[in-house]
Amino acid sequence: MLTINSLSKSYNKGKNFALEDVTFNLKAGQVCAIVGESGSGKTTLVRLIAGLERPDHGSIVMGDKVIASLDKFVQPEKRKIGLVFQEYALFPHLTILENVLYGISKIKHKRKRAQDMLDLVGLSDLGDRYPHQLSGGQQQRVALARALAPEPSLLILDEPFSNLDTMLRTQLRNEVFDIIKKTEVTVLFVTHDTQDALSVADEILILQNGKVIQKDVAANLYVNPNTLYVASLFGSTVHINKNLQHAFRCPLKETCCYAIRNEKIKVSPSSSDTDCEYITTAQVIKKIQLGESIQLLLKLDSGEQLTVMTQDKNIADTIFIGFNSTDILEFENE
Ligand code: ADP
Ligand code: MG
């Protein structure tokens, strides 16, 4: 449905690239989350797709039509893409219904369509109000109604919940995606929150420094992360550096990078209790009760600190920790 080929964008004539050689595709009806730290190029990518920026290299194909390349550029309003941004961007002097009507000049029966969209987002009775008379969550649902009203092929959400507090965020996110699922529109959902992505996306694309690090379904990102960074995004992870290899007496190849999930590190009171291949002793510095489990902050003889989880309530000051080779994650690059 959407194909991105070698897309690059620089804001300073090629000195550095906000987006570099990005390639991926999106199937119709899919929800794809774009995850990355602030500054990783997420907004640049979606602005290029929406036609708010022009690429320096590469092309964007929607359906069978090139919408952006070096010699082709389809205007944003001709792309059939709906946008919802972090700031609700509603027109303050227009009513809610007028805001939704704004984008749909070309559809017949547009008043009915706008009202249907307000029904869809659960704001049927608020069409006559002005944006300032609505809560943040309601305004964002109006923004969604406005984006969906012209029947876009692709809906882009760029950190739409970042302005809202945590409780409301989760609730609104679930509501919004319940609404979106009903429309069967294809979605690109930009977020810096891994939990958001895991909750709603069919696939997740990881951006780092303007490059695609990995695109996969959530389960594969957890089991087969490409890099230590991806591994850390989807669960607490310890880098098995030279010091740790020494401490656990597990010599590994110099050319690769290794890690272990904190949850795979086993804790026991004596070395004879563990059935792990690699073991070391550790001093318990701190115990934190987290629900049923206890999180231990540990210090190794080498000075390294790490945390592990245990169910054992009677933990001594010195313990043994270990892991097995089958649980080691291996990466080509750090
Ligand atoms: P994200 O949305 O992941 O936070 P952005 O796409 O906004 O990342 O930014 C990627 C990089 O491009 C950052 O280094 C940012 O400073 C830079 N950048 C973004 N927009 C502009 C712009 N209009 N002019 C110059 N630099 C920009
Ligand atoms: Mg952004």
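Trainee: So a helix here is a DSSP run of H or I, at least four residues, numbered from the N terminus. Which helix is K110 in?

Mentor: K110 sits in helix 3, which covers residues 110-120. Keep in mind that this is a predicted model.

Trainee: Is K110 buried, partly exposed or exposed?

Mentor: Partly exposed, because its relative accessible area is 35%, and the partly exposed class lies between 20% and 50%.

Trainee: What does K110 touch, beyond its neighbours within four places in sequence?

Mentor: With those left aside, K110 is in contact with L101, I104 and S105. As for V100, it is 10 residues away along the chain, and the two C-alpha atoms are 9.6 Å apart.

Trainee: OK, let's back up to the whole chain. How many helices and strands are there?

Mentor: The protein chain has 9 helices and 18 strands. Its C-alpha trace spans about 75 × 45 × 30 Å along the principal axes.

Trainee: And how much of the chain is buried?

Mentor: Of its 334 residues, 47% count as buried. The accessible surface is about 16900 Å², and carbon and sulfur atoms own 47% of that. If you take contacts with a separation of 6 or more, 63% of them are between residues 24 or more positions apart.

Trainee: Switching to the ligand. Which residues are around ligand 1?

Mentor: You'll find Y11 and A18, then E37, S38, G39, S40, G41, K42, T43 and T44. That shell splits into 6 polar, 2 nonpolar and 2 charged residues.

Trainee: What polar atoms come up against the ligand's oxygens, say from T44?

Mentor: An N or O atom in the T44 side chain is 2.5 Å from an oxygen atom of ligand 1. From the backbone, G41 has a polar atom 3.1 Å from a ligand oxygen, and S40 has an N or O atom 3.2 Å from one. Ligand 1 has 560 Å² of accessible area on its own, and the protein covers 53% of it.

Trainee: Where do K42 and T44 sit in the fold, and are they buried or exposed?

Mentor: Both are in helix 1, and both are buried, along with L45, V46, L48, I49 and A50. That helix runs over residues 42-50 and is mostly covered, with 7 of its 9 residues buried. G51 comes after helix 1, and its phi is positive, near 90°.

Trainee: What about the nonpolar core? Which residues touch the most other members?

Mentor: The largest core has 45 residues, and the best-connected ones are L144, L155, L157, F177, I180, V187 and I204. Helix 4, residues 136-148, gives the largest share of that core, 6 residues. There's another core apart from it, with 26 residues, including L19, I67, V74 and V190. In soluble globular proteins, nonpolar side chains tend to be buried together.

Trainee: Zoom in on L157 for me. What is it in contact with?

Mentor: Leaving aside neighbours within four places in sequence, L157 contacts V84, L144, F177, I180, V187, L188, F189 and V190.

Trainee: Last one: Q30. Where is it?

Mentor: Q30 is in the loop that links strand 2 (19-26) and strand 3 (31-35).

Trainee: And why does Q30 count as buried?

Mentor: Because its relative accessibility is 10%, and buried means under 20%. The Q30 side chain makes a polar contact of 3.2 Å with the side chain of E203. Beyond its neighbours within four places in sequence, Q30 is in contact with V185, T186, V187, D202 and E203.

Key
Residues are numbered from 1 along each chain as its sequence is written. Chains are lettered from A and ligands numbered from 1 in the order in which they are written. This is a predicted model: local features need pLDDT of at least 70, side-chain atom pairs count only at pLDDT 80 or more; totals for chains, interfaces and linings use all residues. Side-chain values use heavy atoms; hydrogens and water are left out. A residue is near a molecule or strand if one of its heavy atoms lies within 4 Å of it. A polar contact is a pair of N or O atoms within 3.5 Å; within protein, one must be able to donate a hydrogen and the other to accept it, and residues adjacent in sequence count only if both atoms are side-chain atoms. Accessible areas come from the Shrake-Rupley method with a 1.4 Å probe; for residues, only the protein chains shown count as cover. Ala, Val, Leu, Ile, Met, Phe, Trp, Tyr, Cys and Pro count as nonpolar, Asp, Glu, Lys and Arg as charged, and the others, Gly among them, as polar. Buried means under 20% relative accessible area, exposed over 50%, partly exposed in between (1.4 Å probe, protein chains only). Helices (H or I, at least four residues) and strands (E, at least two) are DSSP runs, numbered from the N terminus. A nonpolar core is a set of buried Ala, Val, Leu, Ile, Met, Phe, Trp, Tyr and Cys residues joined through side-chain atoms within 4.5 Å. Contact means heavy atoms within 4.5 Å.
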